[in-house]
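Grab the model and work through a few exercises on the ligand and its surroundings. Try each task before you read its solution.

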Amino acid sequence: MQECRRLEEVLERIEKAKERAGRRDEVLLLGATKTVPPSKILKFYECGLKLFGENRVQEFLKKYEELKDLKIEWHFIGRLQSNKVKYLVGKVSLIHSLDRESLLKELQKRAKEPWNTLIEVNLAKEETKGGIFEEEVKIFFEKVLNYDKVKVLGLMTIPPYSPNPQDSRKYFKRLRELKEALEEEFKVRLPHLSMGMSSDFEVAVEEGATIVRIGTLLFGERKT
Ligand SMILES: *Cc1c(COP(=O)(O)O)cnc(C)c1O
């Protein structure tokens with residue numbers, strides 16, 4: 001199957017990047033499925049991919065329902081409006097885009113089990129993107145500690161788009177340094193760095209990514 005071959009290729013490229021970096025720990029491949037129909041998600045699931053991420057709550061709910069009987073692990077990777085949090089309860093195992101206190105409050109309020117989250121960091125301070133600025137990460141992390149229903153497992157970033165993947169390297173490095181600074185300051189272990197997409201995931205793995213989020217390379221160009 002064509003899908004299985006594509007999946008294998010991406011997994012091999014992740015392995016090679018790990019080898020270059022001398023890494024033996026695990027890198028999770030997340031299929032970023034915005035605009036991808038459930039029938040196609042199913043094909044990749046049958047090839048062995050079990051982790052998928054959606055950007056929009058409405059789109060997520062549809063696919064979640066349709067694929068309910070499969071053992072898919074869903075993450076939420078897009079900008080999250082506070083008034084949509086309630087729809088995600090019990091359905092996603094990690095939110096990659098925690099970026100403000102109002103969202104924190106809503107997560108606390110709606111929680112059944114504690115939420116697993118990543119703090120999204122907007123390293124290049126792009127207006128079009130969510131995420132908090134790096135200068136505010138420590139203060140924000142400290143705030144989260146007051147919310148017992150929200151656990152931070154690490155950091156996520158989306159670097160500015162560039163055709164040259166090497167341009168992303170400094171952002172990936174910076175995200176790793178920020179994570180290490182938090183671990184040092186708060187005496188915690190943060191297991192995850194969510195970084196790297198179709199164009200730059202190998203660089204991200206070299207710089208320590210534990211989750212790469214890949215759409216186009218697996219599922220083909222998006223029709224928007
Ligand atoms: C769309 C998307 C991706 C995947 O992007 P590709 O370039 O298609 O691999 C990853 N992360 C987020 C947050 C996205 O919205």
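**Exercise 1: polar contacts**

An oxygen atom of the ligand lies 2.6 Å from an N or O atom in the side chain of N55. Keep in mind that this is a predicted model, where local features need pLDDT of at least 70, side-chain atom pairs count only at pLDDT 80 or more, and totals for chains, interfaces and linings use all residues. Residues are numbered from 1 along each chain as its sequence is written, and side-chain values use heavy atoms, with hydrogens and water left out.

Task: find which backbone N or O atom lies 2.8 Å from an oxygen atom of the ligand.

Solution. Start from the cut-off: a polar contact is a pair of N or O atoms within 3.5 Å. N55 meets it with its side chain, at 2.6 Å. Next comes R213, with a side-chain N or O atom 2.8 Å from a nitrogen atom of the ligand. The backbone atom you're after belongs to G215, 2.8 Å from a ligand oxygen. On its own the ligand has 390 Å² of accessible area (Shrake-Rupley method, 1.4 Å probe), and the protein covers 90% of that.

**Exercise 2: the shell**

Task: say how the residues of the shell around the ligand divide by class.

Solution. First list the neighbours: A32, K34, N55, I77, I158, M197, S198, R213, I214, G215, T216 and R222. Then sort them, with Gly counted as polar: five are nonpolar, four polar and three charged.

**Exercise 3: the pocket**

Task: work out which element gives the most to the lining of the largest pocket.

Solution. The ligand sits in this pocket, whose volume is about 910 Å³. Of its 36 lining residues, K34, N55, I77, I158 and M197 are the closest to the centre. Helix 3 (57-66) and strand 8 (211-214) each give two or more residues. Helix 3 gives the most, with three.

Key
Near = heavy atom within 4 Å. Polar contact = N/O pair within 3.5 Å; in protein donor to acceptor, adjacent residues only side chain to side chain. 1 Å grid on protein atoms, 1.4 Å probe; cavity = no way out; pocket = protein on both sides within 12 Å on 5 of 7 lines; lining within 4 Å. Sits in = over half its atoms within 2 Å of the grid points. Points joined across faces, edges and corners; volume = space filled by probe spheres on them. Helix = DSSP H or I, 4+ residues; strand = E, 2+ residues; numbered from the N terminus.
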